[in-house]
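This report covers the strand pairing, helix packing and some local features of the structure shown below.

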Amino acid sequence: MAEEYRFGIIGAGPVGSIMGAHLAKAGHSVVLVDILKGHLDAIRVNGLMLTGVKEFTVRFPPENLCYSIDQLRGKEVNTLFVAVKASLLAEIMPPVTKASKPGTTFISLQNGLDTEDYIAKEFGKERTLRIVVNYAGNIVADGKVRMSFFNPPNYIGAIAQGAEGRARELTKLITDAGLETSFTSEIKKFEWEKVILNSALSPVCALTRRTMRQMMEYGNTRELVEAILREGIEVAKANNVHFDAGFLDHCMGYLDKAGHHKTSMHVDIERGSPTEIAFISGKIVEYGRSKGIPTPH
(Lines give C-alpha, C1' and ligand atoms only; values in the text may rest on other atoms or scores of the structure.)
Protein backbone atom coordinates (compact mmCIF):
# COMPACT_ATOMS: atom_id res chain seq x y z
CA MET A 1 0.00 0.00 0.00
CA ALA A 2 1.17 3.49 -0.78
CA GLU A 3 0.33 4.78 2.68
CA GLU A 4 0.26 3.22 6.13
CA TYR A 5 -3.20 3.23 7.64
CA ARG A 6 -3.46 4.87 11.04
CA PHE A 7 -7.00 4.38 12.30
CA GLY A 8 -9.20 6.33 14.63
CA ILE A 9 -12.61 5.14 15.83
CA ILE A 10 -15.03 7.69 17.25
CA GLY A 11 -17.41 5.65 19.35
CA ALA A 12 -16.07 2.64 21.25
CA GLY A 13 -19.46 1.03 21.66
CA PRO A 14 -19.97 -2.57 20.54
CA VAL A 15 -19.63 -1.96 16.78
CA GLY A 16 -16.64 0.38 17.08
CA SER A 17 -14.94 -1.78 19.71
CA ILE A 18 -15.27 -4.94 17.62
CA MET A 19 -13.76 -3.21 14.58
CA GLY A 20 -11.02 -1.59 16.65
CA ALA A 21 -10.11 -4.81 18.44
CA HIS A 22 -9.67 -6.71 15.19
CA LEU A 23 -7.60 -3.99 13.53
CA ALA A 24 -5.38 -3.57 16.59
CA LYS A 25 -4.92 -7.35 16.95
CA ALA A 26 -3.78 -7.39 13.30
CA GLY A 27 -1.02 -4.92 14.19
CA HIS A 28 -2.53 -1.64 12.99
CA SER A 29 -2.37 1.62 14.91
CA VAL A 30 -5.87 2.25 16.32
CA VAL A 31 -6.99 5.22 18.42
CA LEU A 32 -10.27 4.75 20.33
CA VAL A 33 -12.34 7.82 21.16
CA ASP A 34 -15.27 7.77 23.56
CA ILE A 35 -16.78 9.67 26.48
CA LEU A 36 -17.40 6.40 28.37
CA LYS A 37 -14.65 6.95 30.94
CA GLY A 38 -15.13 3.67 32.79
CA HIS A 39 -14.97 1.70 29.54
CA LEU A 40 -11.74 3.37 28.38
CA ASP A 41 -10.21 3.19 31.87
CA ALA A 42 -10.78 -0.58 31.90
CA ILE A 43 -9.26 -0.92 28.41
CA ARG A 44 -6.25 1.11 29.57
CA VAL A 45 -5.63 -1.30 32.47
CA ASN A 46 -6.75 -4.70 31.15
CA GLY A 47 -7.04 -4.31 27.37
CA LEU A 48 -10.19 -4.64 25.27
CA MET A 49 -11.75 -8.08 25.72
CA LEU A 50 -14.03 -9.69 23.14
CA THR A 51 -16.19 -12.68 24.04
CA GLY A 52 -18.91 -14.63 22.25
CA VAL A 53 -18.40 -15.29 18.55
CA LYS A 54 -14.78 -14.13 18.83
CA GLU A 55 -12.72 -14.44 22.00
CA PHE A 56 -9.48 -12.51 22.50
CA THR A 57 -8.04 -9.54 24.36
CA VAL A 58 -6.00 -6.78 22.76
CA ARG A 59 -4.11 -3.97 24.45
CA PHE A 60 -3.94 -0.35 23.35
CA PRO A 61 -1.14 2.10 24.16
CA PRO A 62 -2.43 4.62 26.73
CA GLU A 63 -1.87 7.45 24.25
CA ASN A 64 -4.30 5.72 21.85
CA LEU A 65 -7.25 6.12 24.22
CA CYS A 66 -8.99 9.49 23.91
CA TYR A 67 -11.75 10.66 26.21
CA SER A 68 -12.90 13.41 23.84
CA ILE A 69 -12.73 14.14 20.12
CA ASP A 70 -10.47 17.12 20.86
CA GLN A 71 -7.79 14.69 22.07
CA LEU A 72 -7.50 13.34 18.52
CA ARG A 73 -5.42 16.38 17.59
CA GLY A 74 -1.85 15.45 16.84
CA LYS A 75 -2.54 11.69 16.73
CA GLU A 76 -1.76 11.55 12.99
CA VAL A 77 -4.88 9.48 12.28
CA ASN A 78 -5.50 9.30 8.53
CA THR A 79 -8.52 6.97 8.44
CA LEU A 80 -11.37 7.73 10.81
CA PHE A 81 -14.34 5.47 11.48
CA VAL A 82 -17.41 7.34 12.71
CA ALA A 83 -19.14 4.77 14.93
CA VAL A 84 -21.33 6.97 17.13
CA LYS A 85 -25.11 6.81 16.96
CA ALA A 86 -26.48 8.47 13.82
CA SER A 87 -28.53 10.73 16.09
CA LEU A 88 -25.25 12.30 17.32
CA LEU A 89 -23.84 13.24 13.91
CA ALA A 90 -24.86 16.90 14.10
CA GLU A 91 -23.28 17.19 17.56
CA ILE A 92 -19.91 15.64 16.71
CA MET A 93 -19.24 17.20 13.30
CA PRO A 94 -17.81 20.51 14.59
CA PRO A 95 -15.21 18.95 16.93
CA VAL A 96 -14.34 16.30 14.32
CA THR A 97 -13.69 19.07 11.79
CA LYS A 98 -11.33 20.80 14.21
CA ALA A 99 -9.48 17.67 15.34
CA SER A 100 -8.97 15.81 12.05
CA LYS A 101 -5.99 16.35 9.79
CA PRO A 102 -6.31 17.38 6.13
CA GLY A 103 -6.78 14.46 3.76
CA THR A 104 -8.32 12.14 6.34
CA THR A 105 -10.60 9.41 4.98
CA PHE A 106 -13.90 9.14 6.87
CA ILE A 107 -15.87 5.90 7.08
CA SER A 108 -19.44 5.81 8.34
CA LEU A 109 -19.63 2.74 10.60
CA GLN A 110 -23.23 3.31 11.62
CA ASN A 111 -26.80 2.14 11.38
CA GLY A 112 -29.27 4.05 9.25
CA LEU A 113 -29.73 5.44 5.76
CA ASP A 114 -27.68 8.30 4.31
CA THR A 115 -25.26 8.75 7.22
CA GLU A 116 -22.33 8.86 4.80
CA ASP A 117 -24.05 11.64 2.85
CA TYR A 118 -24.23 13.67 6.06
CA ILE A 119 -20.49 13.20 6.60
CA ALA A 120 -19.71 13.92 2.94
CA LYS A 121 -21.41 17.32 3.19
CA GLU A 122 -18.69 18.28 5.64
CA PHE A 123 -15.65 16.52 4.22
CA GLY A 124 -16.46 15.76 0.58
CA LYS A 125 -17.52 12.63 -1.28
CA GLU A 126 -13.94 11.77 -2.31
CA ARG A 127 -12.99 11.42 1.35
CA THR A 128 -16.06 9.54 2.56
CA LEU A 129 -16.77 5.80 2.55
CA ARG A 130 -19.57 3.68 4.00
CA ILE A 131 -19.34 0.26 5.60
CA VAL A 132 -22.38 -1.88 6.37
CA VAL A 133 -21.50 -4.44 9.03
CA ASN A 134 -23.26 -7.71 9.63
CA TYR A 135 -22.08 -8.22 13.19
CA ALA A 136 -23.42 -6.95 16.51
CA GLY A 137 -22.69 -7.06 20.20
CA ASN A 138 -23.16 -5.50 23.62
CA ILE A 139 -20.87 -3.99 26.23
CA VAL A 140 -21.30 -6.48 29.07
CA ALA A 141 -18.83 -4.76 31.41
CA ASP A 142 -16.35 -1.90 31.13
CA GLY A 143 -13.65 -3.02 28.72
CA LYS A 144 -15.55 -6.16 27.75
CA VAL A 145 -17.72 -6.60 24.63
CA ARG A 146 -19.73 -9.68 23.79
CA MET A 147 -19.90 -10.27 20.03
CA SER A 148 -23.40 -11.73 19.63
CA PHE A 149 -23.30 -12.71 15.97
CA PHE A 150 -21.49 -12.24 12.68
CA ASN A 151 -23.20 -13.10 9.41
CA PRO A 152 -20.39 -12.34 6.95
CA PRO A 153 -19.51 -10.54 4.88
CA ASN A 154 -19.58 -6.87 5.76
CA TYR A 155 -19.79 -4.51 2.77
CA ILE A 156 -17.81 -1.38 2.05
CA GLY A 157 -18.29 1.09 -0.76
CA ALA A 158 -17.53 4.59 -1.97
CA ILE A 159 -19.92 7.38 -2.90
CA ALA A 160 -17.45 8.88 -5.37
CA GLN A 161 -15.61 6.93 -8.05
CA GLY A 162 -12.29 8.44 -7.04
CA ALA A 163 -12.52 6.82 -3.61
CA GLU A 164 -13.09 3.27 -4.85
CA GLY A 165 -9.40 2.39 -4.75
CA ARG A 166 -9.19 3.15 -1.04
CA ALA A 167 -12.41 1.25 -0.39
CA ARG A 168 -10.93 -1.82 -2.12
CA GLU A 169 -7.72 -1.55 -0.08
CA LEU A 170 -9.72 -1.37 3.14
CA THR A 171 -11.81 -4.36 2.07
CA LYS A 172 -8.69 -6.53 2.04
CA LEU A 173 -7.25 -4.99 5.18
CA ILE A 174 -10.39 -5.52 7.27
CA THR A 175 -10.83 -9.05 5.91
CA ASP A 176 -7.21 -9.88 6.73
CA ALA A 177 -7.88 -8.58 10.26
CA GLY A 178 -10.53 -11.27 10.72
CA LEU A 179 -13.77 -9.51 9.73
CA GLU A 180 -14.67 -10.81 6.27
CA THR A 181 -15.64 -7.81 4.14
CA SER A 182 -16.52 -7.36 0.46
CA PHE A 183 -16.27 -4.31 -1.77
CA THR A 184 -19.47 -3.26 -3.49
CA SER A 185 -20.28 -0.61 -6.07
CA GLU A 186 -23.88 -0.70 -4.79
CA ILE A 187 -23.40 0.30 -1.17
CA LYS A 188 -26.81 2.00 -1.04
CA LYS A 189 -28.51 -1.30 -1.77
CA PHE A 190 -26.79 -2.88 1.22
CA GLU A 191 -27.69 0.14 3.35
CA TRP A 192 -31.33 -0.37 2.42
CA GLU A 193 -31.09 -4.08 3.26
CA LYS A 194 -29.62 -3.33 6.71
CA VAL A 195 -32.13 -0.53 7.39
CA ILE A 196 -35.05 -2.75 6.41
CA LEU A 197 -33.75 -5.45 8.76
CA ASN A 198 -33.16 -2.96 11.59
CA SER A 199 -36.55 -1.32 11.15
CA ALA A 200 -38.29 -4.69 11.39
CA LEU A 201 -36.90 -5.81 14.73
CA SER A 202 -34.99 -3.05 16.57
CA PRO A 203 -38.08 -0.97 17.46
CA VAL A 204 -40.07 -4.11 18.34
CA CYS A 205 -37.33 -5.24 20.73
CA ALA A 206 -37.00 -1.74 22.18
CA LEU A 207 -40.74 -1.44 22.83
CA THR A 208 -41.07 -4.90 24.38
CA ARG A 209 -37.64 -4.95 26.12
CA ARG A 210 -37.01 -8.42 24.69
CA THR A 211 -34.18 -10.01 22.71
CA MET A 212 -34.24 -10.63 18.98
CA ARG A 213 -34.73 -14.37 19.41
CA GLN A 214 -37.64 -13.88 21.82
CA MET A 215 -39.42 -11.65 19.31
CA MET A 216 -38.79 -14.01 16.38
CA GLU A 217 -40.06 -17.01 18.36
CA TYR A 218 -43.30 -15.33 19.49
CA GLY A 219 -46.01 -15.64 16.84
CA ASN A 220 -47.58 -12.18 17.07
CA THR A 221 -44.33 -10.24 16.98
CA ARG A 222 -42.96 -12.50 14.24
CA GLU A 223 -45.97 -11.55 12.10
CA LEU A 224 -45.36 -7.89 12.92
CA VAL A 225 -41.72 -8.19 11.86
CA GLU A 226 -42.75 -9.71 8.52
CA ALA A 227 -45.29 -6.93 7.91
CA ILE A 228 -42.65 -4.25 8.58
CA LEU A 229 -40.22 -6.02 6.25
CA ARG A 230 -42.81 -6.01 3.46
CA GLU A 231 -43.32 -2.27 3.86
CA GLY A 232 -39.59 -1.59 3.69
CA ILE A 233 -39.19 -3.73 0.59
CA GLU A 234 -42.03 -1.87 -1.17
CA VAL A 235 -40.56 1.52 -0.29
CA ALA A 236 -37.12 0.45 -1.51
CA LYS A 237 -38.62 -0.78 -4.79
CA ALA A 238 -40.40 2.56 -5.31
CA ASN A 239 -37.01 4.24 -4.86
CA ASN A 240 -35.32 2.01 -7.48
CA VAL A 241 -33.68 -0.35 -4.99
CA HIS A 242 -34.66 -3.85 -6.08
CA PHE A 243 -34.13 -7.16 -4.30
CA ASP A 244 -34.62 -10.66 -5.67
CA ALA A 245 -37.79 -12.68 -5.16
CA GLY A 246 -36.40 -14.51 -2.14
CA PHE A 247 -35.36 -11.41 -0.24
CA LEU A 248 -38.19 -11.55 2.31
CA ASP A 249 -37.30 -15.13 3.22
CA HIS A 250 -33.62 -14.12 3.39
CA CYS A 251 -34.49 -11.35 5.87
CA MET A 252 -36.56 -13.64 8.07
CA GLY A 253 -33.76 -16.21 8.06
CA TYR A 254 -31.17 -13.56 8.92
CA LEU A 255 -33.21 -12.36 11.89
CA ASP A 256 -33.82 -15.93 13.02
CA LYS A 257 -30.05 -16.37 13.38
CA ALA A 258 -29.54 -13.29 15.58
CA GLY A 259 -29.95 -15.16 18.86
CA HIS A 260 -30.51 -13.58 22.27
CA HIS A 261 -29.09 -10.22 21.21
CA LYS A 262 -30.25 -7.02 22.87
CA THR A 263 -30.53 -4.43 20.07
CA SER A 264 -28.77 -1.10 20.45
CA MET A 265 -32.14 0.67 20.30
CA HIS A 266 -33.30 -1.47 23.23
CA VAL A 267 -30.16 -0.40 25.14
CA ASP A 268 -30.80 3.26 24.27
CA ILE A 269 -34.36 3.06 25.60
CA GLU A 270 -33.14 1.48 28.85
CA ARG A 271 -30.55 4.22 29.27
CA GLY A 272 -32.96 7.01 28.39
CA SER A 273 -30.68 7.96 25.48
CA PRO A 274 -31.79 9.29 22.07
CA THR A 275 -32.40 6.49 19.57
CA GLU A 276 -31.54 6.24 15.87
CA ILE A 277 -35.20 5.80 14.92
CA ALA A 278 -35.15 8.83 12.59
CA PHE A 279 -32.35 7.27 10.50
CA ILE A 280 -33.99 3.81 10.43
CA SER A 281 -37.80 3.57 10.50
CA GLY A 282 -38.09 7.32 10.01
CA LYS A 283 -36.13 7.15 6.75
CA ILE A 284 -38.38 4.40 5.39
CA VAL A 285 -41.47 6.47 6.24
CA GLU A 286 -39.85 9.55 4.68
CA TYR A 287 -38.90 7.77 1.46
CA GLY A 288 -42.33 6.12 1.39
CA ARG A 289 -44.17 9.42 1.63
CA SER A 290 -42.06 10.85 -1.20
CA LYS A 291 -43.35 8.06 -3.48
CA GLY A 292 -46.88 7.74 -2.07
CA ILE A 293 -46.19 4.34 -0.47
CA PRO A 294 -48.12 3.80 2.81
CA THR A 295 -46.08 2.61 5.80
CA PRO A 296 -48.66 2.12 8.60
CA HIS A 297 -46.56 -0.36 10.57
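## The eight-stranded sheet

In this predicted model, strand E11 (residues 154-158) pairs with E12 in the parallel sense, over three bridges. Within that pairing, Tyr155 has Ser182 of E12 opposite it. Both strands belong to an open sheet of eight strands, whose order is E5-E2-E1-E6-E7-E8-E11-E12 and whose pairing is mixed. At the edges are strand E5 (65-66) and strand E12 (181-183), each of which pairs on one side only.

Helix H4 (residues 115-123) packs on this sheet. H4 touches strand E6 (79-82), strand E7 (105-108) and strand E8 (128-132), and the direction of H4 makes about 165° with that of E8.

## The four-stranded sheet

Another open sheet has four strands in the order E4-E3-E10-E9, again with mixed pairing. Strand E4 (56-58) and strand E9 (135-141) are at its edges; each has a single partner strand, so one side of each has no neighbour in the sheet. Averaged over the sheet and with direction ignored, neighbouring strands are turned by 25° against each other.

E9 pairs with strand E10 (residues 144-150) in the antiparallel sense, and the pairing runs over six bridges. One of the paired positions is Ala136, whose bridge partner in E10 is Phe149. Helix H2 (residues 37-46) packs on the sheet and touches strand E3 (48-52), E4, E9 and E10. The direction of H2 makes about 100° with that of E3.

## Helix H6 and its contacts with H10 and H9

Two packed helices are described by the angle between their axes and the distance between the axes. For helix H6 (residues 187-208) and helix H10 (residues 264-271), the axes come within 7 Å and cross at roughly 30°. Angles under 35 degrees count as roughly parallel, and H6 and H10 are therefore roughly parallel to each other. The crossing of H6 with H10 is right-handed. On the H6 side the contact involves Ser202, Pro203, Cys205 and Ala206, which meet Met265, His266 and Ile269 of H10. By class, the residues of this contact are five nonpolar, two polar and no charged.

H6 also packs against H9, where the axes come within 11 Å and cross at roughly 60°. That angle makes H6 oblique to H9. This crossing, too, is right-handed. Glu193, Ile196, Leu197, Ala200 and Leu201 of H6 meet Phe247, His250, Cys251, Tyr254 and Leu255 of H9. The contact of H6 with H9 divides into eight nonpolar, one polar and one charged residues.

## Helices H8 and H9

Helix H9 (residues 247-256) packs with helix H8 (residues 219-238) at an angle of about 135°, and their axes are 10 Å apart. H8 and H9 are therefore oblique to each other, and their crossing is right-handed. H8 contributes Arg222, Val225, Glu226, Leu229, Arg230 and Ile233 to the contact, and H9 contributes Phe247, Leu248, Cys251, Met252, Leu255 and Asp256. Eight of the residues in this contact are nonpolar, no polar residue takes part, and four are charged.

Phe247, Cys251 and Leu255 of H9 appear in the contact with H8, and they also appear in the contact with H6.

## Aromatic pairs

There are eight aromatic pairs in the structure. One of them is formed by Trp192 and Tyr287, with ring centres 5.2 Å apart and planes at 65°, so the pair is edge-to-face. Trp192 lies in helix H6 and Tyr287 in helix H11 (residues 281-291), so this pair ties together parts that are 95 residues apart in sequence.

## Backbone features in loops

Pro152 and Pro153 are joined by a cis peptide bond, with omega at about 5°. Pro153 is located in the loop between E10 and E11; E10 belongs to the four-stranded sheet, and E11 to the eight-stranded one.

Arg209 has a phi near 60°, a positive value in a residue other than glycine. Arg209 sits in the loop between H6 and helix H7 (212-217).

Note on methods
Residues numbered from 1 in each chain as written. Predicted model: local features only at pLDDT ≥ 70, side-chain atom pairs only at ≥ 80, totals over all residues. Heavy atoms only, no water. Pairing = 2+ DSSP bridges. Helix = DSSP H or I, 4+ residues; strand = E, 2+ residues; numbered from the N terminus. Axes fitted to C-alpha atoms, helices over the stretch in contact; angles between N-to-C directions. Contact = heavy atoms within 4.5 Å. Parallel < 35°, antiparallel > 145°, perpendicular 65-115°, else oblique. Left-handed = near helix turned anticlockwise from the far one by under 90°. Nonpolar A, V, L, I, M, F, W, Y, C, P; charged D, E, K, R; others polar. Phe/Tyr/Trp six-rings, centres within 6.5 Å; stacked < 30°, edge-to-face > 60°.
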